[in-house]
Amino acid sequence: MTQDTPLVWQENGDTRSARWQADNGARLPSRVQTVSAIDADEAYRLASAGTGLLWRGDFQQARQLLQGMSRRMDTAGQRKKKSPSTNAAEGFAAHRQAQALRVRVLGQLLIELDGQYRMALKRAPDVTQACLEAWGPPDGQPRVLSLRSLQGLIGAHEWRKKGVPIDALQGRHIHPHHGVFSPVRGEYVDLVAQAPLPAALQACPIAFDIGVGTGVLSAVLARRDVARVVGTDLSGRALVCARDNLQRLGLQDQVELVQTDLYPEGQAALIVCNPPWLPAKPTSTLEQAVYDEDSAMLRGFLSGLAAHLCSGGEGWLILSDLAEHLGLRTREQLLQWIADAGLQVLARIDTRPHHRKVHDTHDPLHAARSAEVTSLWRLGAVSSVFTVP
């Protein structure tokens, strides 16, 4: 069912309906029950059976209820006998299934917003600005979404307000918008800030940033005195976010933004791409920055790179090898795609990630994460002439 499908329920003898807002990929509940007080055990039982619980009580109590349901789900998962995975790919598939189940069950605790993004609940926060940033001006129609989705909107609003400090921008902040992946893993940004720029920029002073997102890599390239940067993205939301950040940094005249799939017209001396790192199907808009089904963006970038490089130009592919440790893609496969695209590897710069999950031994993917390396692959067309430092 699409997001335009209304959610219908019975309340006080009347038939009610509202727009179903499935921001995190949650499915439309098969049935809905209004509740203002319920214990976590019963809520977890009903949610597991597919019943949506439309909350009518105190908002802060709803938050506590969600935490209780989450704890019961954790306990149920620990009790469940698990057969050991025979390989990393099976372990990843089991992890994705567990994630999907969590979204489905915990996403059954629902909140209604009126046509102006207000909640008629005791002790409810004002979420109007968060909703405006995520959805635009209200259309006067009431909406129902999961409490978890609403918490995600509130969190995105806080990220946008406070921003993320970027070392490569001398501590200046990047402000991610709702639905645009936040550059919290700074190691890949540092790679772009430190890699030697190709000499071809002297004759062809233009760079492309494929999949611009928040605009962070375009900003880094502009700050490295690349005369002109063209950032592309299919997502209009991402382009709005990138434009906002570039204006905050005073770089809007140096970076052009284009809505297109992968490449703009023309050639460049440097083409940078940080595609999603895991070849799996995304289940929400935000997951599209993490999961790239069939490695479509990665392969599209590689296959079009040689034709868009000017003589002596370089393509910088920023990629984690996490997919290799999870058994989702092999190094040999990646190297074959590079060769098939008429490209050669000029050099590779590696770094270790330093996010908290690397050290979290309770993470189901800890073995793969602890071995992960993030790399900047410097690629060139086989027929071109290069000056490599």
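## Exercises on a predicted model

The buried residues of α4 are A130, C131, E133, A134 and W135, as computed from a predicted model.

**Exercise 1.** Find what covers the buried residues of α4, and describe the residue that follows the helix.

*Solution.* Begin with the buried residues of α4, which are A130, C131, E133, A134 and W135. Next, look at what lies against them: the cover includes β5 (109–113), β6, α5 and α8 (236–248). Finally, move past the end of the helix, where α4 is followed by G136, whose phi is positive, near 85°.

**Exercise 2.** Identify the residues that touch the most other members of the largest nonpolar core, and then trace the contacts of I271.

*Solution.* As background, nonpolar side chains in soluble globular proteins tend to be buried together. In this model the largest nonpolar core holds 61 residues, and V192, L221, I271, F301, L302 and L317 touch the most other members. Taking I271 and leaving aside its neighbours within four places in sequence, one finds contacts with F208, I210, Y263, F301, L305, H308, L309, E314, G315 and W316. A second, separate core of 30 residues includes A40, V105, L109 and C131. C131 is also one of the buried residues of α4.

**Exercise 3.** Compare the surroundings of P275 with those of L343, starting from the place of each in the chain.

*Solution.* P275 is found in the loop between β12 (268–273) and α9 (296–308), whereas L343 lies in strand β14 (residues 343–351). For the burial step the cut-off is under 20% relative accessible area; P275 is counted as buried because its value is 1%, and L343 is counted as buried because its value is 5%. Leaving aside neighbours within four places in sequence, P275 is in contact with M297, L298, L317, I318 and L319. With residues up to four places away in sequence not counted, L343 touches L302, L305, A306, I338, L379, G380, A381 and V382. For one of these partners, L305, the C-alpha atom is separated from that of L343 by 8.2 Å, with the two positions 38 residues apart along the chain. For P275, a C-alpha separation of 16 Å is found to G179, 96 residues apart along the chain.

**Exercise 4.** Take the salt bridges D139 with R19, E158 with K162, and E372 with R185, and state for each where the partners lie and whether they are buried or exposed.

*Solution.* A search of the whole structure finds 20 salt bridges, and the three pairs can be worked through in turn.

1. The side chains of D139 and R19 meet at 3.6 Å, N to O. This pair links distant parts of the chain, since D139 is in the loop between α4 (128–135) and β6 (143–146) and R19 is in strand β2 (residues 14–20), 120 residues apart. D139 is partly exposed, with a relative accessible area of 40%, and R19, at 22%, is also counted as partly exposed.
2. In the pair of E158 and K162 the closest N and O atoms are 4.0 Å apart. Both residues lie in helix α5 (residues 147–162), four residues apart, about one turn of the helix. An α-helix has 3.6 residues a turn, so residues three or four places apart point the same way. E158 is partly exposed at 27% relative accessible area, while K162 counts as exposed at 58%.
3. For E372 and R185 the closest N and O atoms are 3.0 Å apart. This pair too links distant parts of the chain, with E372 in the loop between α12 (366–370) and β15, and R185 in the loop between β8 (173–174) and α6 (186–194), 187 residues apart. E372 counts as buried at 0% relative accessibility, and R185 is buried with a relative accessible area of 16%.

Beyond these pairs, E11, R16, R56 and E112 are linked in a network of salt bridges.

**Exercise 5.** Describe the largest cavity by its volume, its lining residues and the elements that supply them.

*Solution.* The structure holds one cavity of 30 Å³ or more, and the largest cavity has a volume of about 60 Å³. The lining consists of L319, S320, D321, A323, E324, R329, R331, L334, V373, S375 and W377. When these residues are sorted by type, they divide into five nonpolar, two polar and four charged. Turning to the elements, β13 (309–320), α10 (322–325), α11 (331–340) and β15 (374–381) each supply at least two residues of the lining. L319, listed in this lining, is also among the contacts of P275.

Conventions:
Residues are numbered from 1 along each chain as its sequence is written. This is a predicted model: local features need pLDDT of at least 70, side-chain atom pairs count only at pLDDT 80 or more; totals for chains, interfaces and linings use all residues. Side-chain values use heavy atoms; hydrogens and water are left out. A nonpolar core is a set of buried Ala, Val, Leu, Ile, Met, Phe, Trp, Tyr and Cys residues joined through side-chain atoms within 4.5 Å. Buried means under 20% relative accessible area, exposed over 50%, partly exposed in between (1.4 Å probe, protein chains only). Contact means heavy atoms within 4.5 Å. On a 1 Å grid over the protein atoms alone, a cavity is a set of points where a 1.4 Å probe fits but cannot get out, and a pocket is an open set with protein on both sides within 12 Å along at least five of seven lines; lining residues have an atom within 4 Å of a point. Grid points are joined across faces, edges and corners, and a volume is the space filled by probe spheres set on the points. Ala, Val, Leu, Ile, Met, Phe, Trp, Tyr, Cys and Pro count as nonpolar, Asp, Glu, Lys and Arg as charged, and the others, Gly among them, as polar.
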